[in-house]
Amino acid sequence: MLEVETVNSKKTKDENVKLAKVFKALSSNIEKNNELLDQLFELTLESESNHQGLAPLRSILSKDLSAAREDKVTVEIKLTFMKINDIDTVDQKFQSEIFIQAKWHDHLIKPDEKVFEPSMMWTPKLIILNIDGSIEEEHIDYSILHSNDDNPPRVQLMWRFKAFFKENLELQHFPVDVQDLTISISTEKSIHEIEIIEDQSSLSSVNTQAFLDASEWNLYNHTESYRDKTTVEYARSTVHSILHIQCRVARKIGYFVWNIIFIVFLIIGLTFASYSIEVDNGDRLAVNITLFLTAVTFKLVVKQSLPTISYLTYLATRRRWKMQEKDKLYQEKKDYIERSRMSPRGTGKRKRRYPPVAQPRGSLESFFESRY
């Protein structure tokens, strides 16, 4: 009986704490809203006295109410491919469920502050550049992490959603090609306000167990990232930071071998049967024409499942071997970060080594070697 009362009292205490946090956030929002209403009231009186109309009101209502920062903020990004559902070679896009974790330090947060209000506080305003369509099943959560040392509080954003993403597929090696599935993360803020980098304490990853297109593709274990900057996606000349995070898949050749290549070789082999027909027989030409029309018809049928490209493809396996080597390097890099975190030397303050601003593709080896 005493244990039941203890449990009930603990639940009541937790509910009271949560209720107190809600009322504290509510009172803070009410105070900020009252300040905004006072400004609107003063502007209304000024507009009536000066006959300026609603121009001052529009100016104050169009302002961003979130807190501004004068220093350049470094935002660390970790991305996880939770589930890759469909890779469409013809339309050159793929569907995936993505989890993004972003964290940054904010010295404007008070030491006793526990609730983060994104409408009133500084946020990086992250966007996905290569998204196709709308976002589905979106969940966003903010949390404040206070440290015991002199470092300012750290804000952590957890963003999970599902969507289609555009990807320019490289099909020179089709049907034994290896494709990059890339998520391009950028921000509405300029490069002078924010710098986006990969998380230095935890690597981006891919969930190979939840890969739903395994009948056609093989999914590699490693992920790779590189940074860039652009002005193309915006109507002004402001430079914005971009972080590209990608995983890789290799196409399974079995379907194309038995359903396309094998059938084509059968049709080609049947053309030699015309040599068994006498030269003076008119059926010899009819057999060749029939086989030619069969090959053309088969090509028109197969065309629906093949990508539309303007160049010839060839078989190659060198890049597949290279991706297997990158899987090993990714595991070694992950183990190295874990050892650095557990070692006594890693507990002290040490200088972080970020990747270069413009990191080219295929640089996982050089980035890992720079750690040593």
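**Salt bridges and a buried strand**

I would like to begin with one pair of residues, Arg248 and Asp180, whose side chains meet in a salt bridge with a distance of 2.7 Å from N to O. Arg248 belongs to strand S10, which covers residues 240-251, while Asp180 belongs to strand S6, residues 178-187, so this pair ties together parts that are 68 residues apart in sequence. Before going further, I should say that what you see above is a predicted model.

Are these two residues buried or exposed? Arg248 counts as buried, because its relative accessibility is 2%, and Asp180 is buried as well, with a relative accessible area of 7%. The two residues are also related through the backbone, since Asp180 has Arg248 as its bridge partner in S10. That pairing is part of a longer arrangement, in which S6 and S10 run antiparallel to each other and are joined over 9 bridges.

Let me stay with S6 for a moment. On its other pairing, S6 is joined to strand S3, residues 126-128, by 3 bridges, and these two strands are again antiparallel; here Leu126 stands opposite Thr187 of S6. How many of the residues of S6 are buried? The count is 10 of the 10, so the strand is largely enclosed by the rest of the structure. As a general point, side chains in a regular strand alternate between the two faces of the sheet. In S6 both faces are covered, with Val178, Asp180, Thr182, Ser184 and Ser186 buried on one side, and Gln179, Leu181, Ile183, Ile185 and Thr187 buried on the other.

Coming back to Arg248, we can also look at Tyr220, which lies in strand S9. Along the chain Tyr220 and Arg248 are 28 residues apart, yet their C-alpha atoms are separated by 5.7 Å. Tyr220 is buried too, its relative accessible area being 8%.

Now to the other salt bridges, of which the structure holds 8 in total, counting the one I began with. Another of them joins the side chains of Arg227 and Glu195, at 3.0 Å from N to O. This pair links distant parts of the chain, with Arg227 in strand S9, residues 217-230, and Glu195 in strand S7, 32 residues apart. The two partners differ in how they are covered, because Arg227, at a relative accessible area of 7%, is buried, whereas Glu195, at 22%, is partly exposed.

A further salt bridge connects Asp199 with Lys103, and its closest N and O atoms are 3.4 Å apart. Asp199 sits in the loop between strand S7 (194-198) and strand S8 (205-206), and Lys103 sits in strand S2, residues 93-105, so the pair ties together parts that are 96 residues apart in sequence. Both ends of this bridge are buried, Asp199 with a relative accessibility of 2% and Lys103 with a relative accessible area of 9%. There is also a network of salt bridges, in which Asp177, Glu216 and Arg251 are linked.

I will finish on the surface, where Glu31, Glu35, Asp38 and Glu42 gather in a patch of negative charge. Taking one of them, Glu31 is found in helix H1, which spans residues 2-50, and because its relative accessibility is 53%, Glu31 counts as exposed.

Key. Residues are numbered from 1 along each chain as its sequence is written. This is a predicted model: local features need pLDDT of at least 70, side-chain atom pairs count only at pLDDT 80 or more; totals for chains, interfaces and linings use all residues. Side-chain values use heavy atoms; hydrogens and water are left out. Patches are made of residues with over 30% relative accessible area and no salt bridge: like charges are joined within 9 Å, nonpolar side chains (Val, Leu, Ile, Met, Phe, Trp, Tyr) within 5 Å. Accessible areas come from the Shrake-Rupley method with a 1.4 Å probe; for residues, only the protein chains shown count as cover. A salt bridge is a side-chain nitrogen of Lys or Arg within 4 Å of a carboxyl oxygen of Asp or Glu. Lys and Arg count as positive and Asp and Glu as negative; His and the chain ends are not counted. The place of a charge is taken as NZ of Lys, CZ of Arg, CG of Asp or CD of Glu. Helices (H or I, at least four residues) and strands (E, at least two) are DSSP runs, numbered from the N terminus. Buried means under 20% relative accessible area, exposed over 50%, partly exposed in between (1.4 Å probe, protein chains only). Two strands pair if DSSP finds at least two bridges between them.
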